[in-house]
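Please look over the sequence and the structure shown here before reading on. The report then takes up a few strands and one loop residue in turn.

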Amino acid sequence: MKHPLLLAAFVSALVSSSLHAQGDAYMEKSAMKGSKKEFSPYANRSFPSQVYFGDTHLHTELSMDAGTFGNRLGLDDAYRFCRGEEITSSGGYKARIGRPLDFVVIADHSDGMGFFQLFQEGDPLVMDKEEGKRWNKAIAAGGQASVDAALEIITMFSQGKFPWPTNDPDLMKPVWQSTIDAAEKYNDPGTFTAFIGYEWTSLVKGNNLHRVVVYRDDGDKAAMTLPYTLADSANPEDLWKALAAYEDKTGGQLLAIPHNGNLANGIMFDTVTLDNAPITKDYAELRQRWEPLYESTQIKGDGEAHPFLSPDDEFADYETWDLGNLDLSEAKTDAMLAGEYSRSGLKRGLEFEEKLGTNPYKFGQIGSTDSHTSMPAVEEENFFGKHSGVEPTPERAAHVTLGGEKGKIYGWQMASSGYAAVWARENTREAIWDAMKRRETYATTGCRMVVRFFGGWDFTTADAHNRLPADAGYRKGVPMGSDLTKAVEGKSPTFLVAAMKDSMSGNLDRIQIVKGWIGPDGKAMEKVYDVAVSDDREIDANGRCKTPVGNTVNVKEATWSNTIGDPELSTVWTDPDFDPEQRAFYYARVLEIPTPRWTAYEAKRFDIEMPEGCAMTTQERAYTAPIWYQP
């Protein structure tokens with residue numbers, strides 16, 4: 001159902017519209033009790049009332065591959081851009097983000113810290129080898145020569161053939177300290193949060209197991225140890241030991257966020273450990289402790305679902321990268337896919353919990369960019385690409401973004417995605433980190449729609465009409481990222497879900513709830529339910545709306561019209577297929593109407609034709625953290 005301004009309480013500019021309608025009720029209750037009661041419905045709130053949008057995965061020129069690709073923007077430039085200031089890109093364009101971010105994690109690669117500067121300057125430490133001389137020459141030449149050098153570095157690093165140790169503390173220390181100092185300089189509690197962080201770049205024969213490590217702490221603690229590297233170990237279990245050692249030494253707190261399972265060739269959400277040992281209860285507990293989130297969407301493809309795994313989901317094939325692993329040294333097979341995507345990972349988690357009593361793949365969802373340009377510019381009309389070698393030009397759609405012996409990924413295949421949305425009490429390191437830890441998050445593919453999702457046993461239709469849906473949500477249920485327990489005999493779980501469009505993007509097409517559960521044979525199953533749809537379309541008896549929302553996109557002009565869809569959708573949905581004996585998870589997916597993809601804007605601006613097979617429209621979307629039902 002649609003309710004104009006239903007989510008007004010989520011946006012401060014609209015909050016006051018609900019006061020008049022509810023004031024009499026508050027005063028009446030107070031009079032009945034014969035005692036004074038707070039007049040304001042916003043007084044004494046303890047729950048998160050604000051969503052913050054940010055990027056947990058941004059690279060600057062300090063990352064060896066980013067610098068070699070052509071990035072010449074450092075930490076100051078990156079922070080200024082995130083805060084909404086205008087800068088000049090490495091390619092010479094004036095650049096500004098459409099709306100400032102609320103927070104960012106600049107996560108330069110820990111491996112190779114300091115190496116790009118050595119290659120660029122022709123330092124004797126690297127000029128003693130042929131690779132160093134070749135890369136120095138390519139960086140000086142710039143353009144495609146520099147891009148080719150970066151791809152060669154990625155391939156050699158992926159295959160364990162990089163000519164120098166990548167964890168030299170003498171090279172790492174000054175780079176890490178400069179990273180810490182910049183985060184301290186730009187962190188502005190209450191206004192803008194600059195987290196300290198880095199990317200651990202684990203690769204196993206080219207298979208991606210990367211994690212971004214995020215500190216809750218300030219610089220005094222972060223400086224007490226150096227970042228963990230692939231040169232130390234490729235095994236996530238060793239990373240977790242390093243994180244624990246840091247916490248023991250400093251009293252600080254860390255979490256790790258995996259990404260790009262779609263480039264892992266099956267080992268991101270595997271059925272065994274990296275050492276090919278069985279997954280145990282101890283492993284499951286450690287992974288759940290250290291990795292509460294998963295980056296489900298970014299420039300290198302969307303990772304929520306895959307059409308092979310979800311053939312009944314017509315929206316599963318979205319910005320799909322399934323050619324091979326990170327360096328494209330090994331081709332993808334269908335058997336690998338179940339270990340690569342969020343939905344299938346969540347399903348495998350239920351299966352392990354059924355056996356072990358603990359779920360190793362219990363994670364919330366976020367998006368982030370993985371931009372290597374120092375600019376998290378992923379608005380479709382403002383997309384600066386994966387790396388500085390593919391910044392806007394008439395030719396970039398045909399450029400090779402990633403390449404290897406098993407194929408190539410071209411510029412037009414880049415996804416202009418995504419952002420992390422976090423429900424927190426305030427814009428500080430502590431509050432946002434705590435929200436990430438408890439998984440009260442959702443992913444977007446670059447838009448800034450507002451989404452609430454709660455589970456409980458007693459939500460009613462009236463709660464979906466409430467001007468303050470979060471009040472009902474927290475009072476009667478649990479938010480995204482939580483467990484739903486204590487099934488009430490004879491009742492099925494109810495879910496309160498509400499979404500409001502991004503004011504600068506398309507109207508909403510529909511809200512869906514994706515359910516996964518354990519069947520009688522112990523295997524996880526899934527189903528997608530349409531629970532709220534725009535334009536008064538019908539939802540059938542199977543919980544699906546088969547009528548498309550339509551498409552107003554003028555591809556030639558890169559325009560669209562919000563004459564279809566709704567600005568807001570909300571509902572209370574009851575699971576019609578609930579079995580109290582079956583473990584389950586539920587998460588919301590919210591879809592916008594079709595809008596122009598970045599390639600349509602590019603074709604219009606440069607007056608060019610895009611390559612055959614290139615998508616020209618998109619349906620931006622959001623994926624919430626699940627709510628897990630525990631029997």
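## An open sheet of three strands

In this predicted model, three strands form an open sheet whose order is 11-10-12, and the pairing within that sheet is mixed. Its edge strands are strand 11, covering 301–302, and strand 12, covering 364–367, each of which pairs on one side only.

Strand 10, made up of residues 293–298, pairs with strand 12 in the parallel sense, and four bridges link the two. One residue of strand 10 can be followed across this pairing, since L293 has G364 in strand 12 as its bridge partner.

## A largely enclosed strand

Strand 23 spans residues 568–574, and because six of its seven residues are buried, the strand is largely enclosed by the rest of the structure. Strand 23 pairs in the antiparallel sense with strand 20, residues 494–500, over seven bridges. Within this pairing, T571 of strand 23 is the bridge partner of V497.

## A buried residue in a loop

S417 lies in the loop that runs between strand 14 (407–410) and strand 15 (419–424). Is S417 buried or exposed? With a relative accessibility of 3%, S417 counts as buried, because the cut-off for that class is under 20%.

Leaving aside residues up to four places away in sequence, S417 touches T297, Q298, I299, S368, T369, V378, T444 and T445. Among these contacts, T297 and Q298 fall within the residue range of strand 10, 293–298, which links this loop residue back to the sheet described at the start of the report.

Note on methods. Residues numbered from 1 in each chain as written. Predicted model: local features only at pLDDT ≥ 70, side-chain atom pairs only at ≥ 80, totals over all residues. Heavy atoms only, no water. Pairing = 2+ DSSP bridges. Buried < 20%, exposed > 50% of the residue type's maximum accessible area, 1.4 Å probe, protein only. Contact = heavy atoms within 4.5 Å.
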